[in-house]
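User: Please take a close look at one part of this structure for a reader who has not met it before, and then relate that part to the rest of the protein in one connected account.

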Amino acid sequence: MSVSQVQPEVSVVVLSYNQRYTVARAMDSILEQQCAFAFEVVVSDDGSSDGTRELLEKYARDYPDVVRLLPAEPNRGIVENYFHALSHCRGKYVADCAGDDYWLTRHRLQDMWRRLDGDDSLSLVFTGWTVINRASGCSRDVNTEADGRLRAPVVPGRTLLTALLGYHNPLPVHLSAALYRVSVLRKALDNYPEMVKNAGFACEDLPVLAALLASGDAAYIEGSSLAYTVGHVSATSEEDMRRVASFHLATLIASIRLARHYGVPIALLRHGMARKAAFVMAQAFNLHDRTLRRDIDSRLSEYGVPVSWHYRLLYAITAINPVWTMAVTLNRMLHR
């Protein structure tokens, strides 16, 4: 029976971009799921040039009843690519797995589906996850680090939403370690699309989770179901450092805009906002980039983000005397 003749209960979104050496592991971990219902895998490759797409084409040929590889198109970027894939999902529920991550258990979908399908008050179900650093070979389990209130069998959506928008580290919930009710997200997209799908936010997971948690509660299932890999892109070059700074600035501003939209008091987020702002500013100092520093300072001031006194001091010193080594030295001294 072909994919087009089966109505899946769950759609799994797989996004890939130049992940030839990891995407097979991701696909295998999904296809090994043991479920009492039909599911589909909707794959959207974002213009890979390293052989990733050719590998995915083989999966589509080998699993024609399950895998739907969307037509090749020019690079879209993460936000546009995610919602492009979502628009092709036919399931009642949606799960994610990036092309460089993989799932850890074969009963993940079944367990999550059972919990979500049995309670209409829930927008999503989530588990912990394991962070694997490919550069160092170290792993870290993200299950017990968060506030215990966020690891209850049922977590009020507003409670988890506030924690999500005010987080510094670790995240209280990971979209790729969740299964969500797609009708909730589509309703949000219809009502306020710019708060759900916005390239300016630089990410898809934060606004998606915010929309879900603003509309319903979440259930936590103990254990890890996702291997989330980091450390596979160098962060030592100036280009990478600038990208990191810009990304974190965009997500910080996104958190503020989402908080205002969903009525989350900014005062509850100030601690996390200050820590994220300090990280962004530290990146700008270490880059010796005046233009980037001015842009960051302007954006933080525009949105009223609190900035610690020693960063303000660094700004004042370097504005008068652009001796970059002085800024870096002071920055390191103040963070010992």
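Analyst: In this predicted model, Gln19 sits in the loop that runs between β1 (10–16) and α1 (23–31). With a relative accessible area of 16%, Gln19 is buried, because the cut-off for that class is under 20%. Leaving out residues up to four places away in sequence, Gln19 touches Asp50, Thr52, Gly99 and Asp100.

The loop between β1 and α1 also holds Asn18. Asn18 is partly exposed, at 29% relative accessibility, whereas Gln19 is buried. The backbone of Asn18 deserves a remark as well, since its phi is near 50 degrees, a positive value in a residue other than glycine.

A positive phi is also found at Ala202, where the angle is about 70 degrees although the residue is not a glycine. Ala202 belongs to the loop between α6 (182–191) and α7, and at 27% relative accessibility Ala202 counts as partly exposed.

From that loop the account can pass to the helix α7 itself, which is mostly covered, with 8 of its 9 residues buried. Those buried residues are Leu206, Pro207, Val208, Leu209, Ala210, Ala211, Leu212 and Leu213.

What is the arrangement of helix α5 and helix α7, and at what angle do their axes cross? The axes of α5 (residues 157–165) and α7 (residues 205–213) come within 8 Å and cross at roughly 155 degrees. Angles over 145 degrees count as roughly antiparallel, and therefore α5 is described as roughly antiparallel to α7. The crossing in which α5 passes α7 is left-handed. On the side of α5, the contact is made by Gly157, Arg158, Leu160, Leu161, Leu164 and Leu165, while α7 contributes Leu206, Leu209, Ala210 and Leu213. Sorted by character, the residues of this contact of α5 with α7 divide into 8 nonpolar, 1 polar and 1 charged. The residues that α7 brings to the contact, Leu206, Leu209, Ala210 and Leu213, can also be found in the list of buried residues of α7.

Another buried residue worth following is Asn81, which lies in helix α3 (residues 78–86). The relative accessible area of Asn81 is 2%, and Asn81 is therefore classed as buried. Once its neighbours within four places in sequence are set aside, Asn81 is in contact with Leu15, Ser44, Asp46 and Arg76. One of these partners, Leu15, falls within the residue range of β1 (10–16), the strand that comes before the loop holding Gln19.

The cysteines can be considered next. A disulfide is a covalent bond between the sulfur atoms of two cysteines, and a search of the whole structure finds 0 of them. Cys35 is partly exposed, with a relative accessible area of 25%, whereas Cys203 counts as buried at 5% relative accessibility.

Seen as a whole, the protein has 12 helices and 10 strands, and buried residues make up 49% of its 336 residues. Among contacts between residues at least 6 apart in sequence, 79% join residues at least 24 apart. Gln19 offers a local illustration of such links across the sequence, since its listed partners include Gly99 and Asp100.

Notes. Residues numbered from 1 in each chain as written. Predicted model: local features only at pLDDT ≥ 70, side-chain atom pairs only at ≥ 80, totals over all residues. Heavy atoms only, no water. Disulfide = S-S within 2.5 Å. Buried < 20%, exposed > 50% of the residue type's maximum accessible area, 1.4 Å probe, protein only. Helix = DSSP H or I, 4+ residues; strand = E, 2+ residues; numbered from the N terminus. Contact = heavy atoms within 4.5 Å. Axes fitted to C-alpha atoms, helices over the stretch in contact; angles between N-to-C directions. Parallel < 35°, antiparallel > 145°, perpendicular 65-115°, else oblique. Left-handed = near helix turned anticlockwise from the far one by under 90°. Nonpolar A, V, L, I, M, F, W, Y, C, P; charged D, E, K, R; others polar.
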